[in-house]
Amino acid sequence: GCISPSSLLFPAAVRGAWEQLSALFGDKAVLAPIRARLADRSTPLAERRRAVDLLRRAGDTESTTLLVSLLDDAALRPSVIPLLANAADSAAVATGLITKFNAFAPAERTAALAALTSKPALALPLLRAVAAGQFEKRHLTALHARQLRNLRNPEVTQALDRVWGRTGETSADAKATIARLRDTFRNAPLWSYRAAAGREVYDRLCSACHAWDANTPGKLGPNLSGTWRNGLDYFLENIVDPNAVVGTEFQLNLIALRNGTVVSGMVEKESDTALVVRTATESINVPKTDIKTREVTSQSLMPAGLLEALPERETIELLLFLTTEQK
């Protein structure tokens, strides 16, 4: 029979190249030894990281138990979390991400929420955990609410309405909200608020999509460097009613995949065979054969309702930061 490089004492580089080619060409048999090396804690970290990458490239969906167990491994966790969205056992994935969430670093929490809001099978356990007080609602932003609503699943939408409330204002509502928030800010004793605290709110809610540094590229929304000069009304109008004026380069693409996942983001590149989609957390390659439907909407990726969901103090501090020149 045929002898594979993995069964002989081939150099690691040769074995790695063979495994990568085999995985990319759909040879599922090669995945078993890759999973075994990943599970073995005595395997060098670089080899385990390469194993995770190979499983990702192969589109492996059968390693759920192993991948969930690796959420306790700080060195591998950043690579493992994005893989879990496509794992076969969504219930186990949701349980793992939700119960271990508080131990994650900020970037890992962002990736975990991106996974949990990517398809109904993960979104429903998340919303049930919020409703039961097992997951803090404060971790969900208006961006997550927009993504959950974009799943267009009646059960998810009903659960979201219960824990988040309905979204979507008319133009008249938006104007009234802008006027109310303008008065709140201008009547506040700003000397008792800190722009530095507003930066913390910005980092939590806005930095995934907007850069504050002119030299930082690759974000989903416009770069905000220097926009403090535009004043209070500029920020209120764009935050409260983000869909009023949307540049074509920032229009939201909703891409429903055949596995039930919905990818929301902007298309950076398109070829005859694939799309490169920039989401709030990463740029991903989406083969066109995996796409069920694709819709380009007139909406911005930025959701309405962001300020209304904040405590008044955080709203004032965020606006103070946005309208203050940063040295």
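This is a guided tour of the model, giving at each stop what to select and what is found there.

**The whole chain**

Begin with the whole protein on screen, and keep in mind that this is a predicted model. The protein has 14 helices and 5 strands, and buried residues make up 43% of its 327 residues. If you consider the contacts between residues at least 6 apart in sequence, 62% of them join residues at least 24 apart.

Colour the model by confidence next: the pLDDT averages 83 over the protein, and 84% of the residues score at least 70. Then select residues 1-10, where pLDDT stays under 50 and where the model has 7 contacts beyond four places in sequence. Where pLDDT is low, the predicted coordinates should not be read in detail.

**Helix H5 and what surrounds it**

Select helix H5, residues 77-84, and show the side chains of Arg77, Val80, Ile81, Leu83 and Leu84, which are buried. Turn the view to look down the helix, and you will find that these residues cover an arc of only 165 degrees around the axis, which puts them on the same side of H5. To see what they pack against, add helix H3 (45-58), helix H4 (64-69), H6 and H7.

**Helices H6 and H7**

Keep H6 (residues 90-100) and H7 (residues 106-116) on screen, and hide the rest for a moment. Two packed helices are described by the angle between their axes and the distance between the axes. For H6 and H7 the angle is about 150 degrees, and the axes are 11 Å apart; H6 passes H7 in a left-handed crossing. Select Ala94, Leu97 and Ile98 of H6, together with Ala112, Ala115 and Leu116 of H7, since these residues make the contact. What classes of residue does the contact of H6 with H7 have? It has 6 nonpolar residues, with no polar and no charged ones.

**Helix H12**

Move on to helix H12, residues 195-205, and select its buried residues, Ala197, Gly198, Val201, Tyr202 and Leu205. They span an arc of only 150 degrees around the axis, and so they sit on the same side of H12. An α-helix has 3.6 residues a turn, so residues three or four places apart point the same way. Show H14 as well, because it is included in what covers the buried residues of H12.

**Two residues to pick out**

With H14 displayed, select glutamate 317, which is placed in that helix. Is glutamate 317 buried or exposed? It is buried, because its relative accessible area is 8%, which falls under the 20% cut-off. Leaving aside neighbours within four places in sequence, glutamate 317 is in contact with Tyr193, Arg194, Ala197 and Gly198, and of these Ala197 and Gly198 are among the buried residues of H12.

Next, select leucine 306, in the loop between strand S5 (291-300) and H14. Leucine 306 is also buried, with a relative accessible area of 9%. If you draw a distance from its C-alpha to that of leucine 205, you will find 8.4 Å in space, although the two are 101 residues apart in sequence.

**Helix H13**

For the last stop, select helix H13, residues 232-240, and show its buried residues, Leu232, Phe235, Leu236, Ile239 and Val240. Looking down the axis of H13, you will see these residues within an arc of 105 degrees, so they line one face of the helix. Finally, add helix H11 (171-187) and helix H14 (312-322), against which the buried residues of H13 pack.

Notes. Residues are numbered from 1 along each chain as its sequence is written. This is a predicted model: local features need pLDDT of at least 70, side-chain atom pairs count only at pLDDT 80 or more; totals for chains, interfaces and linings use all residues. Side-chain values use heavy atoms; hydrogens and water are left out. Axes are lines fitted to C-alpha atoms, for helices over the stretch in contact, and angles run from 0 to 180 degrees between N-to-C directions. Helices (H or I, at least four residues) and strands (E, at least two) are DSSP runs, numbered from the N terminus. A crossing is left-handed if the near helix is turned anticlockwise from the far one by less than a right angle, and right-handed if clockwise. Contact means heavy atoms within 4.5 Å. Ala, Val, Leu, Ile, Met, Phe, Trp, Tyr, Cys and Pro count as nonpolar, Asp, Glu, Lys and Arg as charged, and the others, Gly among them, as polar. pLDDT is the predictor's confidence in each residue, from 0 to 100. Buried means under 20% relative accessible area, exposed over 50%, partly exposed in between (1.4 Å probe, protein chains only). The arc is that of the directions from the helix axis to the C-beta atoms.
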